[in-house]
Amino acid sequence: MPIENFLVLAAILFAIGFYGVLARRSAILILVSVEIMLTAVSINMVAFASYLDPDRFTGIIFAIFIITVAAAELALALAIVLRLYRTRSSVNVDEVNLMRW
Amino acid sequence: MGGLLVALVATPIVIVPLLFLVLDEISAAEFVFWLVAAVIILGALGAVLLPNIVHATLALVVTLLAVAGIYLLLSSEFLALVQVLIFGGGVTILLLFGLMMTKAQDDPIVSDGAQKPFAFGVGALLAGVLTVAVLDVEWADEAGATVVPFRELGVRLFRDFGIPFEVASLVLLVALIGAVAIARHSEPEPEELAEERTE
């Protein structure tokens, strides 16, 4: 199986997540799209490690760290979204346009 | 109605690679790859396009679990396990709790969708540029995916990447404390408590 299969899959997935970040209006769905982008990068790294670097497989270590940091970032971003919802009663990112109110 | 749509979409996705497999054009691993890749792409499209917010999050869960299948195809079982546990377990629960606590309304909340064509154009451009860049490279000969020995993975993670490992655990600790500190209800000041008591 050529490596381009995995790389093109990762590229398409990244672009889909990118569209989601730009087009979604709810903060939680933007976080969902960011998760899709991070997963795409992870697939890319693991494909490189498995095909091109079989004796040192740095890409898999990289993917483990991507998963770790993605989970931590999601937790913090959701905490901020909860705080925002508590103040504004809405998670629509179009309404968050003042630096301080 | 929805079942009919799923059957219409799933039939060519299953039949066409099966034909190629039967005709010895692609290997069995590649057939499985096409199936899993179709699930991933459809799940990701559902996560960014579905208006119902809970449906979109569940489509993300399907996508993340199918990505674990990709990791199995790349012969890293540990990473597939980690993906299922953390993404399929933790991230799913986190997102659904976030939806519950913010009283999820369907997206689009506002009728202004003026940036969706722009976003679609930029996304398609990005996909095109990345795909062309990937396909343009002369990759090494097709040795295929090599199995990653699990013991060497542990040695590499804890010896060569020991410092990033510790830093990552610190990142998780900070995220844990920070999330609790940001999201909890603030307690009233002691003076306010004293005032309430004297009133």
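Begin by selecting chain B and chain A together: in this predicted model, the two chains bury about 6,900 Å² between them, and 78% of that area lies on carbon and sulfur atoms. On the side of chain B that touches chain A, at least two residues come from each of α2, α3 (53–73), α4 (77–101), α5 (116–135), α6 (150–160) and α7 (162–183), which makes these helices a convenient set to colour before going further. If you select by contact instead, 81 residues of chain B are picked out against 66 residues of chain A.

With the interface still displayed, turn to its polar side. Between chain B and chain A there are 11 residue pairs in polar contact, counting pairs in which both residues have pLDDT 80 or more, whereas a search for salt bridges across the interface of chain B and chain A returns zero.

Next, select B:Arg156, which is found in helix α6 of chain B. Is B:Arg156 buried or exposed? B:Arg156 has a relative accessible area of 10% and is therefore buried, since the cut-off for that label is under 20%. Show the neighbours of B:Arg156 and, once residues up to four places away in sequence are set aside, you will find A:Arg56, A:Phe57, A:Thr58 and A:Ile61 from chain A, together with B:Phe161 from chain B.

From there, move along chain B to B:Gly162, whose place is in helix α7. With a relative accessibility of 17%, B:Gly162 also counts as buried. To go from this glycine to the next stop, draw a C-alpha to C-alpha distance from B:Gly162 to B:Ala7: the two are 155 residues apart in sequence, and the line spans 49 Å in space.

The last stop is a nonpolar patch on the surface. Select B:Leu4, B:Leu5, B:Leu8, B:Val9, B:Leu42, B:Leu45 and B:Leu49, which together have about 650 Å² of accessible area. Which helices of chain B each supply at least two residues of the nonpolar patch? They are α1 (2–22) and α2 (28–49), and α1(B) gives the most, with four residues.

Within this patch, centre the view on B:Leu42, which sits in helix α2 of chain B. Its relative accessibility is 43%, so B:Leu42 counts as partly exposed, in the range between the buried limit of 20% and the exposed limit of 50%. Keep helix α2 highlighted as you finish, because α2 of chain B supplies at least two residues of the nonpolar patch and at least two residues of the side that touches chain A.

Methods: Residues are numbered from 1 along each chain as its sequence is written. Chains are lettered from A and ligands numbered from 1 in the order in which they are written. This is a predicted model: local features need pLDDT of at least 70, side-chain atom pairs count only at pLDDT 80 or more; totals for chains, interfaces and linings use all residues. Side-chain values use heavy atoms; hydrogens and water are left out. Patches are made of residues with over 30% relative accessible area and no salt bridge: like charges are joined within 9 Å, nonpolar side chains (Val, Leu, Ile, Met, Phe, Trp, Tyr) within 5 Å. Accessible areas come from the Shrake-Rupley method with a 1.4 Å probe; for residues, only the protein chains shown count as cover. A salt bridge is a side-chain nitrogen of Lys or Arg within 4 Å of a carboxyl oxygen of Asp or Glu. Buried means under 20% relative accessible area, exposed over 50%, partly exposed in between (1.4 Å probe, protein chains only). Contact means heavy atoms within 4.5 Å. Buried area is the accessible area (1.4 Å probe) that two parts lose on being put together, summed over both. A polar contact is a pair of N or O atoms within 3.5 Å; within protein, one must be able to donate a hydrogen and the other to accept it, and residues adjacent in sequence count only if both atoms are side-chain atoms.
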